[in-house]
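Please open the model in your viewer and keep the selection tool at hand for a short guided tour.

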Amino acid sequence: AAMTTGFVYDPRFLEHDTGEGHPECAARLEATLAHLRAQPWYGRLAQVAAAAAPREAVARVHAEAYIDRAAAACRAGQPFLDTLDVAISPQSCDVALLAAGAPLELADRLVRGEIDNGFALLRPPGHHAEHRMALGFCLFNNVAILARHLQAVHGLDKILIVDWDVHHGNGTQHLFEEDPSVFYVSTHQYPYYPGTGAAYETGNGRGQGATLNCPMPAGATDDAYQRAF
């Protein structure tokens, strides 16, 4: 049988307004979607609807007080959450909950055997978000919420997170740093924002050895990535 790839996207992701000239803008998704729709295989993707992450899923990763603070800041029309590099708009918290929930929809179908793999095209991103703080364009740590959902709801023992953004995923690393059940791997430019992700950061306590950082120089080529992988 042919492999089935689930695809989740929602136009509401465009409603998180980061302001004029911001690099993490709606156009990122619009350009990606246009590219995907032009591919001959796009019609074969299994379209999956996004749904907001339930509070319990988010609270496995983030402090309850932080979740409330994020919602209140957006509702009040504040321009930033926690740091100047997390621009928000009134709908941002709702969109962030939708972004955190979208991968859970893929995961549920994957575990049921309805799809073989999945891709979530979403924003805002998540890997800089810490347990109780927004950082680096991120409100909620989407992939961490997914990992805990797979463990808590579906009983999976071991999770691998591979993060190949140009920036180190400080939030994702810190959330699982002491947990040997989630192996966090990151390739990233170093030294660079946010300053974490040195090769000697390999996890703490019981989680020692379950964090692997591959710091790379600026301008690293495909060859460097192939060596790292």
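The tour goes from a group of strands to pairs of aromatic rings.

This is a predicted model, in which local features need pLDDT of at least 70 and side-chain atom pairs count only at pLDDT 80 or more, while totals for chains, interfaces and linings use all residues. Residues are numbered from 1 along each chain as its sequence is written, and side-chain values use heavy atoms, with hydrogens and water left out.

Select strand β7 (residues 182-189), where 6 of the 8 residues are buried (under 20% relative accessible area with a 1.4 Å probe, protein chains only; exposed is over 50% and partly exposed lies in between). Strands here are DSSP E runs of at least two residues, and helices are H or I runs of at least four, numbered from the N terminus. Add strand β6 (residues 159-163), which pairs with β7 in the parallel sense over 5 bridges (pairing needs at least two DSSP bridges), and find Ile-161 opposite Tyr-184. On the other strand to select, β8 (residues 211-216), which runs parallel to β7 and is joined to it by 6 bridges, the bridge partner of Tyr-184 is Thr-211.

Next, select Phe-7 and Phe-119, a stacked aromatic pair with 6.2 Å centre to centre and 5° between the planes (ring centres of Phe, Tyr or Trp, the last by its six-membered ring, within 6.5 Å; planes under 30 degrees apart are stacked, over 60 edge-to-face, the rest tilted). Phe-7 lies in strand β1 (residues 5-8) and Phe-119 in strand β5 (residues 117-120), so the pair ties together parts 112 residues apart in sequence. Phe-7 is buried at 2% relative accessibility, whereas Phe-119 is partly exposed at 41%. Finally, add Tyr-42, which forms one aromatic cluster with Phe-7 and Phe-119.
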